[in-house]
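Please look over the structure shown below before reading on. The paragraphs after it go through the two chains step by step.

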Amino acid sequence: MLQTVRNDDTAGDPLILGGERLVSRLFLGTGKLGREELIPDLLRASGARVITVALRRVDLSHNSDNILAHIPGDARLLPNTSGARNAAEAVRIARLASACGAGNWIKIEVINDPRNLLPDGYETTKATETLASEGFIVLPYINPDLYVARDLLNAGAAAVMPLGAPIGSNRGLQTKEMIRILIEEIDLPIIVDAGIGAPSQACEAMELGAAACLVNTAVATAADPVGMAAAFGRAVAAGRAARLAGLGRVLERGSTASSPDEGTLTGFLDA
Amino acid sequence: MCNDDVYSPLADGFVPARAACARLFAESVSAAGPGDVRRALDKDTLNEKDFALLLSPAASDELETTARRARDETMRRFGRARQLFAPLYLANYCTNRCVYCGFHAGSGLKRRALTPEEIEAEAEALHVTGLRRVLALTGDAPRRTGADYIAAAVAVLARRFSSVGIEVPSQSVEDYARIARAGADGMTMFQETYDPELYARLHPTGPKRDFAYRLDAPQRAASSGMRSVNLGALLGLGDWRSDIFMTGMHAQFLQRKFPGLEIGFSLPRIRPAEADSAFRPSPVSDRDFVQALVALRCFMPHACITLSTRESAFMRDKLLPLGVTRLSAGVCTGVGGYARPTPKNNVQFAISDGRSVAEMAADLEKLGYRPVFSDWLLPGGGDLPLAGALRNALSATGTGA
């Protein structure tokens, strides 16, 4: 039987984002779910409290039969600009979300590449600059590019959301080295978004120093989405705990001792 | 991915490349064996020759393997969400004499074009079903229902729907742009067949007779700013294998020329009832139809694939996992049929799946899919009413800030 993930181990280590204290560092997507009614169970099983919804997918035909109706009141709704192909469209969708009372958090997705779904860093930065100046808490989805991330920092982004691999690919941290650089260089929370296909990959991202992970496809397309959400909740918490505990250095080889035949590199100092 | 021999003449459009694509298909298929098909299916990304192999007779033996790959690709890209829409027939005046079509100029059909008030009534009747995506159709009658009429109709629809597509005769770039400004975000164009000689026999008179002008219509639409282009051949007119191959190559060409364009396919099989009695279609079996679908899905995993009510409820349900991502529901193929019933003999084609929108949505849910009614936010209706509706939706849930 599934139980709600307790994040007690990391309760003293909340992620502060947009002035809010987030105990769980797992964010969930909704775009590929088979049943919207699963959302409360996914949140409960995983411990996640941030859930992103494409505003374009919000069905306005029925107030009660609407994806928003399935999001518990204590969850943080993170509208996203999925479908936007340029900064202007993203800004329009963000303002629409705000005007309708969905709050001032916005995940910026600007994608003009339907084949690969790769984000447009330039247009994303433009949208971020506009929306941050209007008071939005902006979470932009990007390729892990240091220069774009710096521009986003300067533009007022609240976090940076680099992709681990192309959306839906389940290939994990293909961009690991680039994400590592962002974690080291950018003074913002780095939230790994897209490509994470298994809990072990989310755990790896957290061990690397990511502030959080966003998962959609891997949960939505699992045979048991609720069970998979629970597994991700635990994996993210475990990865974060490991990061805080301090991971040992991974040696390239079994030993660093030099061979006597080679002599020493500093022996000349004693000569 | 790119085959330079095929695509080198593409600077001016798909027309110059059509013959090279046809040659590539013929060469690839004639040499195909089961081992070639299996090797193609083992690749991460399929190129044009692989696509041709999947459409070859030899690939019929690997249909289950291809279907499994198509299923996996569809799940990876689209998950369990499936879009719903309905066609809305604005007018059936037509000056063409397409020998397979119930709307052709020689048929005894009662002709009409909806007035703005009637379009509003149709829109309202569709809107209450929950649908937010609509595809507006007309016959080919430039004087009665030309670009001015289409743009005006689209403007009415854009006030109510979050996405408005058009399936209308070929337009100029300027007219596509005008229709896009009125609120259309996508166009569907059926080339019918990519075989120019057959095309000429099937379209003896009327503006549609111009094969090349129609073939380049999707490119003109994409140039005009339309967000999406949906392509299709009417399966059963000619050789389905080569027509599907050419459809895929046409899409590939457009995707390369317009990387931001949302590409889609429709897979209509010709239906009886409406055609000229002298016309004899080339039947496409269910097995062939599945082969066409899964080959397209494996070649272009990101493309939206539409299946209309020309197919039975049984087939539509069974094809959902294999690549279909958009379905029509609650369909009437007559003019003005949503607000008022249309006589059965006054439709373009007889539908095979008569499920209402609610029934279709319920059946999708039973099969484990989420019906998606809205998938875009057209600015045409103005953002303030939309914001008001969203605010109501949110206040009903207590979600948000």
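Which elements of chain A do the buried residues of α1(A) pack against? They pack against β3 (26-28), β4 (50-54), α7 (217-220) and α8 (225-245) of chain A. The model is a predicted one, and the values that follow are computed from it. Helix α1 of chain A covers residues 39-46, and its buried residues are I39(A), L42(A), L43(A), A45(A) and S46(A). Just after α1(A) comes G47(A), which takes a positive phi of about 85 degrees.

The wider setting of this helix is a chain with 8 helices and 10 strands. Chain A has 271 residues, and 58% of them are buried. Among the contacts in chain A with a separation of 6 or more, 64% are accounted for by residues 24 or more positions apart.

Two further places in chain A can be picked out. One is L117(A), which lies in the loop between β6 (105-108) and α3 (121-133) of chain A. Most residues other than glycine have a negative phi. The phi of L117(A), however, is near 60 degrees, a positive value in a residue other than glycine. Is L117(A) buried or exposed? L117(A) counts as buried because its relative accessibility is 17%, and the cut-off for buried is under 20%.

The other place is G246(A), in the segment after α8 of chain A. With a relative accessible area of 51%, G246(A) is exposed. Its C-alpha atom is 9.0 Å from that of E207(A), although G246(A) and E207(A) are 39 residues apart in sequence.

Chain B comes next. This chain contains 17 helices and 9 strands. Of its 401 residues, 64% are buried. In chain B, residues 24 or more positions apart account for 75% of the contacts with a separation of 6 or more.

Two pairs of helices in chain B show how its elements pack. Two packed helices are described by the angle between their axes and the distance between the axes. In the first pair, helix α2 (residues 15-30) of chain B packs with helix α13 (residues 240-257) of chain B at an angle of about 130 degrees, and the axes are 10 Å apart. At this angle, α2(B) and α13(B) are therefore oblique to each other. Their crossing is right-handed. From α2(B), the residues R18(B), C21(B), A22(B), L24(B) and F25(B) take part, and they meet R241(B), S242(B), F245(B), M246(B) and M249(B) of α13(B). By class, the residues of this contact of α2(B) with α13(B) are 7 nonpolar, 1 polar and 2 charged.

The second pair is helix α6 (residues 116-127) of chain B and helix α8 (residues 147-158) of chain B, whose axes come within 9 Å and cross at roughly 40 degrees. Here too the outcome is oblique: α6(B) and α8(B) count as such because angles under 35 degrees would be needed for roughly parallel. The crossing of α6(B) past α8(B) is right-handed. On the side of α6(B), the contact is made by P116(B), I119(B), E120(B) and A123(B), and on the side of α8(B) by Y149(B), A153(B), V156(B) and L157(B). The contact of α6(B) with α8(B) has 7 nonpolar residues, no polar ones and 1 charged residue.

F245(B), already met in the contact of α2(B) with α13(B), also belongs to the largest nonpolar core. Which residues touch the most other members of this core of 125 residues? They are Y100(B), I166(B) and F245(B). Leaving aside residues up to four places away in sequence, I166(B) touches a set of residues including L135(B), I150(B), Y176(B), M187(B) and M226(B). Another core lies apart from the largest one and has 69 residues, among them A45(A), L182(A), A205(A) and A218(A). A45(A) is also one of the buried residues of α1(A).

Two single residues of chain B complete the account. E192(B) is found in strand β4 (residues 186-192) of chain B. Its phi is near 75 degrees, a positive value in a residue other than glycine. E192(B) counts as buried, since its relative accessibility is 8%.

L320(B) sits in the loop between α15 (313-319) and β8 (326-328) of chain B. At 0% relative accessibility, L320(B) counts as buried. Not counting residues up to four places away in sequence, L320(B) touches R82(B), L327(B), L364(B), L367(B) and Y369(B). L364(B) is 44 residues from L320(B) along the chain, and their C-alpha atoms are separated by 9.0 Å.

Terms used
Residues numbered from 1 in each chain as written. Chains lettered and ligands numbered in written order. Predicted model: local features only at pLDDT ≥ 70, side-chain atom pairs only at ≥ 80, totals over all residues. Heavy atoms only, no water. Axes fitted to C-alpha atoms, helices over the stretch in contact; angles between N-to-C directions. Helix = DSSP H or I, 4+ residues; strand = E, 2+ residues; numbered from the N terminus. Parallel < 35°, antiparallel > 145°, perpendicular 65-115°, else oblique. Left-handed = near helix turned anticlockwise from the far one by under 90°. Contact = heavy atoms within 4.5 Å. Nonpolar A, V, L, I, M, F, W, Y, C, P; charged D, E, K, R; others polar. Core = buried A, V, L, I, M, F, W, Y, C linked by side-chain atoms within 4.5 Å. Buried < 20%, exposed > 50% of the residue type's maximum accessible area, 1.4 Å probe, protein only.
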